[in-house]
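Grab a coffee and work through these exercises with the viewer open. Try each task before you read its solution.

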Amino acid sequence: MNTMDQLLGNVGIDTSQSLLLSKVFLLVLAVLLFNFLVRKLFSRLALQLQKTENEWDDALLDAARIPLAWGVWVVGIAWVVGIVSDAFDADTLSFVVSLRDTLLIVLVSWFLIRLVNVFVAMLARPGKHRDAWDKTTVEAMGKLVKAAVIITSILALMQHFGFSISGVLAFGGVGGIAIGFAAKDLLSNFFGGLMIYMDRQFSVGDWIRSPDKEIEGTVEYIGWRITRIRTFDMRPLYVPNATFTSISVENPSRMHNRRFYETFGLRYQDQDKVQAITLAVKEMLLAHTAIDTQQTLMVNVNTFNAHSVDFFVYTFTKTTNWAEFHGIKQELLGLIGDIVAEHNADFAFPTQTIQLLPQQVVDAGGS
């Protein structure tokens with residue numbers, strides 16, 4: 001026995017155990033070194049990919065970085081534990097392999113979900129050589145893909161643990177009928193959300209209103225069960241998606257123009273000036289830069305009212321912005337008032353004129 005064997009014998013460790021400990025130490029060191037190299041490689045690769053104009057490789061790298069780092073640890077630790085189990089003839093090797101495969105399935109699913117999230121965020125904003133996609137459509141596609149990934153992962157895990165997928169699917173076909181009756185409202189909301197995504201009645205950020213129900217505000221979120229709307233008094237309104245399949249929805253955010261429609265009443269003593277006033281107002285509107293002259297533009301006498309001669313102004317502004325429109329409306333009202341004043345006319349207000357016949361005047365004087 002040499003000096004090393006004597007030393008190991010004194011501490012109660014034989015040569016085989018010392019070799020095993022050395023091997024485990026080297027394996028753990030190799031796993032740490034490989035993990036370090038992977039991190040360095042990803043950092044270098046990220047710097048190189050930032051110099052290119054392609055966004056998809058950046059997204060793939062960003063989604064794979066963390067799951068791959070965890071995957072190195074899972075495979076490395078399973079490798080070390082497997083060697084230790086084999087050396088001691090322990091019956092844990094099958095358990096370690098099963099746990100490793102389970103964690104790898106979870107990590108792959110995590111990577112795919114991260115990749116979908118990165119793609120959704122990327123497509124929702126404009127890129128260097130492309131326009132942004134519709135946010136509602138992108139989110140719907142992302143939710144469908146993530147749901148497919150989760151369902152596939154669950155089925156893969158069940159198959160891995162020895163469950164029969166065909167039996168599960170058969171049970172799901174029979175149980176789906178019972179679940180459908182029990183969750184009728186939930187399913188109707190789900191398909192209502194699906195119709196919103198397919199029909200594109202509105203998108204996140206749109207201002208919508210319904211003439212059938214007291215629903216008006218800005219869409220903040222479209223889920224599979226409810227849609228959240230922020231009303232104009234800043235209160236959140238949660239509407240079940242099934243509601244939108246049975247009501248009319250108006251989407252003012254998609255209007256092309258805003259309508260200016262007002263009626264003005266002139267005094268009856270200014271009736272001879274009405275024609276000139278309406279012509280002047282029409283000329284002013286045709287020359288105004290905020291008016292869309294390609295749309296309907298009308299300035300006409302409308303009716304002889306009880307105390308006024310009414311004419312209406314019907315036109316459309318180029319802007320659809322609510323605040324900007326009201327600024328233009330205020331300007332137009334002021335210009336129309338100036339035109340009326342320039343023609344020595346005035347707007348009418350409710351008055352009553354008492355006309356006395358000659359005989360009534362005499363009778364009134366005699367009394």
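A residue counts as exposed when its relative accessible area is over 50%, and as buried when that area is under 20%. Keep in mind that this is a predicted model.

**Exercise 1.** Work out whether N344 is buried or exposed, and look up its phi.

*Solution.* Start with the place: N344 sits in the loop between helix 9 and helix 10 (358-366). Its relative accessible area is 60%, so N344 is exposed. Now the backbone: phi of N344 is near 55°, a positive value even though the residue is not a glycine. As background, most residues other than glycine have a negative phi.

**Exercise 2.** Do the same job for M234: where is it, and is it buried or exposed?

*Solution.* M234 is found in the loop between strand 3 and strand 4. With a relative accessible area of 59%, M234 is exposed. Its phi is positive too, about 70°, and M234 is no glycine either.

**Exercise 3.** Find which parts of the chain W207 and F232 tie together, and classify their ring geometry.

*Solution.* Take the geometry to begin with: the ring centres of W207 and F232 are 5.7 Å apart and the planes meet at 70°. Planes over 60 degrees apart count as edge-to-face, and that is the label for the W207 and F232 pair. Next, place the partners: W207 lies in strand 1 (residues 207-210), while F232 is in the loop between strand 3 (226-230) and strand 4 (236-240), so the pair links parts that are 25 residues apart in sequence. F232 is exposed, at 52% relative accessible area.

**Exercise 4.** Classify the pair of Y314 and F316, then name the aromatic cluster that holds them.

*Solution.* Y314 and F316 are also edge-to-face, at 5.5 Å centre to centre and 85° between the planes. F316 has a relative accessible area of 17%, so it is buried. Y261, F312, Y314 and F316 make up one aromatic cluster. In total, the structure holds eight aromatic pairs.

**Exercise 5.** Which elements supply the largest nonpolar core, and which one gives the most?

*Solution.* This core has 22 residues, and I277, V281, L285, F311, V313 and I336 have the most contacts inside it. Strand 5 (258-266), helix 8 (274-287), strand 7 (309-317) and helix 9 (322-342) each supply at least two of its residues. Helix 8 gives the most, with six. Zoom in on L285: among the residues it touches are I291, L297, V313 and L332.

Terms used: Residues are numbered from 1 along each chain as its sequence is written. This is a predicted model: local features need pLDDT of at least 70, side-chain atom pairs count only at pLDDT 80 or more; totals for chains, interfaces and linings use all residues. Side-chain values use heavy atoms; hydrogens and water are left out. A nonpolar core is a set of buried Ala, Val, Leu, Ile, Met, Phe, Trp, Tyr and Cys residues joined through side-chain atoms within 4.5 Å. Buried means under 20% relative accessible area, exposed over 50%, partly exposed in between (1.4 Å probe, protein chains only). Helices (H or I, at least four residues) and strands (E, at least two) are DSSP runs, numbered from the N terminus. Contact means heavy atoms within 4.5 Å. Rings of Phe, Tyr and Trp (its six-membered ring) pair if their centres lie within 6.5 Å; planes under 30 degrees apart count as stacked, over 60 as edge-to-face and the rest as tilted. Lists of a residue's contacts leave out its neighbours within four places in sequence.
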